Amino acid sequence: MSLVSQLDSVISQLDAVISNQDVSARPAQSNSNTEEKKQDSSPSNKPSTKVDKTDKVDNITGWFIDAITGRPIDPKSGSAISKNEYKKLKKKFAAAQKKKEKEAKKAKEDAAKLEAKLKAAVIIKEDASLGKAKRIKVDEAASNIGSRVELYGWVQYVRKQSKVMFVELRDGTGSPPRLQCVFNGDLCNTKDAILLNREATMMVRGKLTPRKPIKGKDERLCELNVDYYQVIGQSDADVNNIVNDKSGVQVQLDQRHW
């Protein structure tokens with residue numbers, strides 16, 4: 001065997017020995033790391049958060065305050081919440097308080113405006129010279145254009161402006177099943193008009209006048225120019241938060257006032 005061949009053989013043998021040593025050493029190293037991790041994660045090595053519970057209650061969270069940190073103690077974890085978490089809660093609480101104060105201010109202003117309107121409310125009387133009104137249903141309106149008529153029904157919609165008020169009145173007939181009633185002048189300034197809301201029951205009298213239909217949207221041929229009315233049953237203002245365009249038939253029936 002040549003010298004070169006002998007050297008190659010020796011080198012190959014040394015490589016095999018070194019590889020075997022590396023393989024046998026790895027599990028031992030892995031086991032060593034595992035043991036270190038176990039020691040680090042043992043309960044005795046975990047940092048403990050001490051709290052000193054006081055009798056004071058935090059006005060934001062409603063939790064007892066820690067005397068050491070001055071922050072509320074989370075009843076679930078038993079530890080005081082972090083500075084960042086408490087800062088976020090304070091910010092959220094301040095925003096909610098600001099919104100609440102703003103709503104209260106607006107409610108007070110609205111109440112003052114309503115009181116002023118009610119004090120200035122007028123009383124209307126029917127003009128006897130207009131003659132007797134013909135009692136009809138909504139579905140008979142189109143065939144009585146030009147006549148003075150009388151209708152009873154429930155308020156489907158009401159839209160109030162400074163000098164005019166629009167009421168969509170329904171009685172269960174017609175297609176669409178409601179008639180637009182227009183109120184002008186002092187008719188908008190009575191106590192009943194000021195307090196009028198959806199689902200109130202009322203009687204209206206006036207002259208049916210033609211109107212230009214809007215194809216595909218509102219194809220009704222007439223509307224009622226009201227000259228006299230009576231509210232038979234007022235509804236609460238809260239009904240506006242209950243009944244809307246998406247309300248089912250039963251919801252509307254439940255909110256009717258007789």
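Here is a quick briefing on the fold, core, main pocket and a few backbone oddities of this protein. Keep in mind that the model is predicted. The chain has 258 residues, of which 28% count as buried. Its secondary structure adds up to four helices and eight strands.

**Overall layout**

- Read from the N terminus, the elements go α-β-β-α-β-β-β-β-α-β-β-α.
- Take the contacts with a separation of 6 or more: 53% of them are between residues 24 or more positions apart.
- The accessible surface is about 18,300 Å², and carbon and sulfur atoms account for 53% of it.

**The nonpolar core**

- The largest nonpolar core holds 25 residues, and the ones with the most contacts inside it are Leu151, Phe183, Met202, Val204, Leu224 and Tyr229.
- Strands β4 (148-160), β5, β6, β7 and β8 (222-233) each put at least two residues into this core.
- The biggest contributor is β8, with five residues.
- For a look at one of the well-connected members, try Val204: setting aside neighbours within four places in sequence, Val204 touches Val149, Glu150, Leu151, Leu169, Cys181, Phe183, Leu224, Val226, Tyr228 and Tyr229.

**The largest pocket**

- The largest pocket encloses about 370 Å³ of space.
- Its lining is made of 17 residues, with Leu114, Lys117, Lys160, Cys188 and Ile194 lying nearest the centre.
- Two or more lining residues come from each of α2 (83-119), β5 (164-170) and α3 (191-194).
- Helix α2 has the largest share of that lining, at six residues.
- Sorted by class, the lining has ten nonpolar, four charged and three polar residues.

**Backbone points worth a click**

- Most residues other than glycine have a negative phi, and most peptide bonds are trans.
- Against that background, the bond joining Ser175 and Pro176 is cis, with omega at about 0°.
- Pro176 sits in the loop between β5 and β6 (179-184).
- Glu199 is not a glycine, yet its phi is positive, near 70°.
- You'll find Glu199 in the loop between α3 and β7 (201-210).
- Glu199 counts as buried because its relative accessibility is 0%, and the cut-off for buried is under 20%.

**Two residues to compare**

- Met165 is part of strand β5.
- With a relative accessible area of 2%, Met165 is buried.
- Apart from neighbours within four places in sequence, Met165 is in contact with Val158, Arg159, Lys160, Cys181, Val182, Phe183, Cys188, Ala193 and Leu196.
- Lys160 and Cys188, two of those partners of Met165, also turn up among the residues nearest the centre of the largest pocket.
- Phe183, another contact of Met165, is also one of the residues with the most contacts inside the largest nonpolar core.
- Met165 and Gly185 are 20 residues apart along the chain, and their C-alpha atoms are 9.1 Å apart.
- Lys92, by contrast, is exposed, since its relative accessible area is 63% and exposed means over 50%.
- Lys92 belongs to helix α2, the helix that gives six residues to the pocket lining.
- From Lys92 to Ile60 there are 32 residues in sequence, but 9.5 Å in space, C-alpha to C-alpha.

Key:
Residues numbered from 1 in each chain as written. Predicted model: local features only at pLDDT ≥ 70, side-chain atom pairs only at ≥ 80, totals over all residues. Heavy atoms only, no water. 1 Å grid on protein atoms, 1.4 Å probe; cavity = no way out; pocket = protein on both sides within 12 Å on 5 of 7 lines; lining within 4 Å. Points joined across faces, edges and corners; volume = space filled by probe spheres on them. Nonpolar A, V, L, I, M, F, W, Y, C, P; charged D, E, K, R; others polar. Buried < 20%, exposed > 50% of the residue type's maximum accessible area, 1.4 Å probe, protein only. Contact = heavy atoms within 4.5 Å. Areas by Shrake-Rupley, 256 points an atom, 1.4 Å probe, with all protein chains shown as cover. Core = buried A, V, L, I, M, F, W, Y, C linked by side-chain atoms within 4.5 Å.
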